[in-house]
Every structure is written in C-alpha cells, then in structure tokens.
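Trainee: Could you walk me through a few local features of this one before I set anything up?

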Amino acid sequence: MRYKTRKITISTGEARLKLLVLIPSDGGRTDRPGVLWLHGGGYKTGMAGMAHISRARDLVRSYGAVVVSPAYRLAGRAPYPAALLDCHRALLYLRRHASELGVRSDQLMVGGESAGGGLAAALCMFEKDTGGVNVAFQMPLYPMLDCRDTRTSRDNHSPVWNTRRNRAAWRKYLRGTEGEAPCYASPARRSDCSGLPPAYTFVSTAEPFYAETLDYIDSLKNAGVEARADVYPGLFHAFDMLLPFLKQSREAAARFGHSFEYAAAHCFAPQQGGMEQGDGQRLQTGNADAVEVAAALIWDKGRFLICRRPAHKARGLLWEFVGGKAEPGETPAQALKRECAEELAVEVRVLDPFTDVLHRYPDITVHLTVFNAVIVRGEPQMLEHSDIRWITPQEIPDYDFCPADSDILRRIALLYGVQA
C-alpha cells in the first residue's frame, strides 16, 4: 500500500515541534489505528524520518495505520524531561486531530525502537499517572529502559550499541537530574506496572538491552498486563533495521505485524471526558468562552521561579507561578511576556508548553497554558512588595501553593521523582 507524507509544525509561543505524518493513500477510512512512533538513537541522535526505515513504515504500508513521528529534542540540546514532554505534545496532537487523520480515538498506540522504545514505555507511564491520553497498545522494540548496568549491558561489546555507548548516552540524557532517576526517565525503575497498556516487543540475545527488555515484559505480566516478547538468538542491536534481508529480520517483521493486527482487533482505550489537555493550540469547540490565562515555569540551572503576591504574603502562604490573564487580542505567550515584564521587570523567552489544561469552575472556565521559559534580559525584582524565590523540584513540599497550581506541581514532582 502506498502512503502519503505530511510535515506539520506545532507552534506555541516561541517553541516549535516538527511532526512527520504517514498516511495510507487509499483514503476514505475513519477507523484506522493511530500510532505515535518514536525514533531511536540513544536519546542523543536520530530523526523523525527514521520512520521510513523502521517498523513504523510496515504499520502504514501493510496494516493501514496512521503514524505520527515527532522530531523530539535530543539530549545534546536539552536533557530529560524535554524529549518526553515533546512526545507528550505529539500524542496530544494525535488525539486532538484523530478525526481529521481518519484515526479512531480509542485506538491510539505508542511504539518506537531503542531509545524510542524507552520513550514509548515512559510515555505510557506518564499518561497513565497524569490522567492524560489513554494508550491502547505499546510497542517498545528492544527498548533503552535502564540507566543502571544490567546483566547484559554491563560488559557488552557488540556492534552498533555497547556498554561504553550506553553509559555515555545515559549520562548525557540524565545530566542535571538529581538523585535516583524517575521512571519517566528510566522506565526500568518502575516497581508497579499495573494499569499500563498491553505490550509487544522483540529483542536479540547479544545486545545490551536483552535483560531489561525481558524484565520489563515480566513486570507487565506480573501486574496482570498482557505482554509478549520474541527473542532472536545471537544478533546485535537493531538488526531488523540494519540487516533487513536476514531471515531473522523478515521473521521479526512478520511477527511484529501479526502482533499489531491482533492489537488492532482487540485493544481499545476510550478517551475520557472532563478536563482536557491540549497541544498549545486553541481548545476545541465548546471552550470558546474560556478565559485565557498563561503561567511560566521560569527555569535556571535546575531551579524554577515562584512568587508570592502582597495579598498572599499578608496571610503567610500561597506561593504561585508568574502569570496572568490574557488581554483581548493577546495570545497566551504574549500575555506571559507582558506579565513577566510588569511583575518581575524581566524579558523572557517563551519555550515549549509544560501543560495545557481546562479548569471549570461554577462561574468561570479557565484555559491555563503553562510554558517553560528562560530569562533573556534583566534580573527578577520584587515589584509591588511581592516575594520571589528560586527553588528546585525537590523543595516543592516545603511551600504552600495556590490550589490552581496543583496540577503543575504534581507534574513537576512526577517528572523529577519528588514526593510532593
């Protein structure tokens, strides 16, 4: 089956995320599975275009799926959690535009190879724990899951990927992460896999990720999740992509396809109503009267900025993030830049959205977009008798925050492994 390629850019504030979309050319169908496919490369190399040479292409050509592959930020540009948040945005886009793409919203799946497989597993955990997108099926192929040495990654000198490369890649991806890496960075750290989507993978015995792949499948099974792994003896990492002519590679591709066919027939995960999270674009019809509010996670050297306004200061509590309501004609990003200038006397660069939620109150509906941001000019000042403070994620439990910021704080705590 032939397929068409689309290149889409999600723009929010000053941040852009490029997506590669593969769509079967036969057209007309509205019941296709939608697959977010995440490329490999040890979290530090690779590109979305690798979908054309990976198992993702099979899903489109042979099984009629729609594939979205994001150009997530690599570790050299931004360490954890940047890649995970980009994948989250891409998955939100797939859910938001499911009807337009001819995809069933109850059959959104996630897959990837190597580091992309690790991101796929981490994303499933993140979506479950934050009440985000419901994922129907996961396909983390020979995934990069464990930042610790395992019995097969400890002294591995195989071609393509080995102990030395593995350790260097994890160091770059996790730089700046304090203490034990959370499961959203290193999915092998998760002790309870209950409630995660069904899974299929395959792996070879000679590669570093052999042990952690089978351990992950066992963890899923022990938690009551349907999961299966096929094992190919003696081959090295990514053998199916690098040596597609091998008998074992053809067998791996065929078994992968059969597992996907089974999932397409049996695995469904309806999306939940209520609070909706977006990809930084305007929320869908029915929320047109929402008040636009923007807030900033202003980061510097692993710390973020919080403030306490005069009314809150007088009561001795309620810290919050910088931000405020958008004026008529302002975008959330423009409102945020204005608020930072007025409240802190600084100029900020608005980066990617950290979260995008809809809060419904009895008398008002608020669309809150929280952006990551950095200061490009000026030093934060205490204007109008406000207090400001730089804190690390680990210090969240030491402060009392406004209830409206609870969702933001919960996500920060999860991403950085903090008990808040």
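Mentor: We will take a helix pair, then some single residues. This is a predicted model, in which local features need pLDDT of at least 70, side-chain atom pairs count only at pLDDT 80 or more, and totals for chains, interfaces and linings use all residues. Residues are numbered from 1 along each chain as its sequence is written, and side-chain values use heavy atoms, with hydrogens and water left out.

Trainee: OK, at what angle do helix 2 and helix 4 cross?

Mentor: The axes of helix 2 (residues 82-96) and helix 4 (residues 115-130) cross at roughly 70° and come within 10 Å; helices here are DSSP runs of H or I with at least four residues, strands are runs of E with at least two, and both are numbered from the N terminus. Axes are lines fitted to C-alpha atoms, for helices over the stretch in contact, with angles running from 0 to 180 degrees between N-to-C directions. Helix 2 is therefore roughly perpendicular to helix 4, a label that covers 65 to 115 degrees.

Trainee: Which residues of helix 2 meet helix 4?

Mentor: From helix 2 they are A83, L84, L85, C87, H88 and L91, which meet L119, A122, L123, F126 and E127 of helix 4, where contact means heavy atoms within 4.5 Å.

Trainee: Switching topic, where is Y184, and is Y184 buried or exposed?

Mentor: Y184 is found in the loop between helix 5 and strand 7 (199-204), and because its relative accessibility is 4%, Y184 counts as buried; buried means under 20% relative accessible area, exposed over 50%, and partly exposed in between, with a 1.4 Å probe and protein chains only.

Trainee: What does Y184 touch?

Mentor: Not counting residues up to four places away in sequence, Y184 touches several residues, including L84, A122, F126 and D129. The side chains of Y184 and D129 are also joined by a polar contact of 2.5 Å, that is, a pair of N or O atoms within 3.5 Å, of which, within protein, one must be able to donate a hydrogen and the other to accept it, while residues adjacent in sequence count only if both atoms are side-chain atoms.

Trainee: Any backbone oddities, say, which peptide bond is cis?

Mentor: The bond from Y80 to P81 is cis, with omega near 10°, and P81 lies in the loop between strand 4 (66-70) and helix 2. Y142, although not a glycine, has a positive phi of about 30°. For context, most residues other than glycine have a negative phi, and most peptide bonds are trans.

Key: Parallel < 35°, antiparallel > 145°, perpendicular 65-115°, else oblique.
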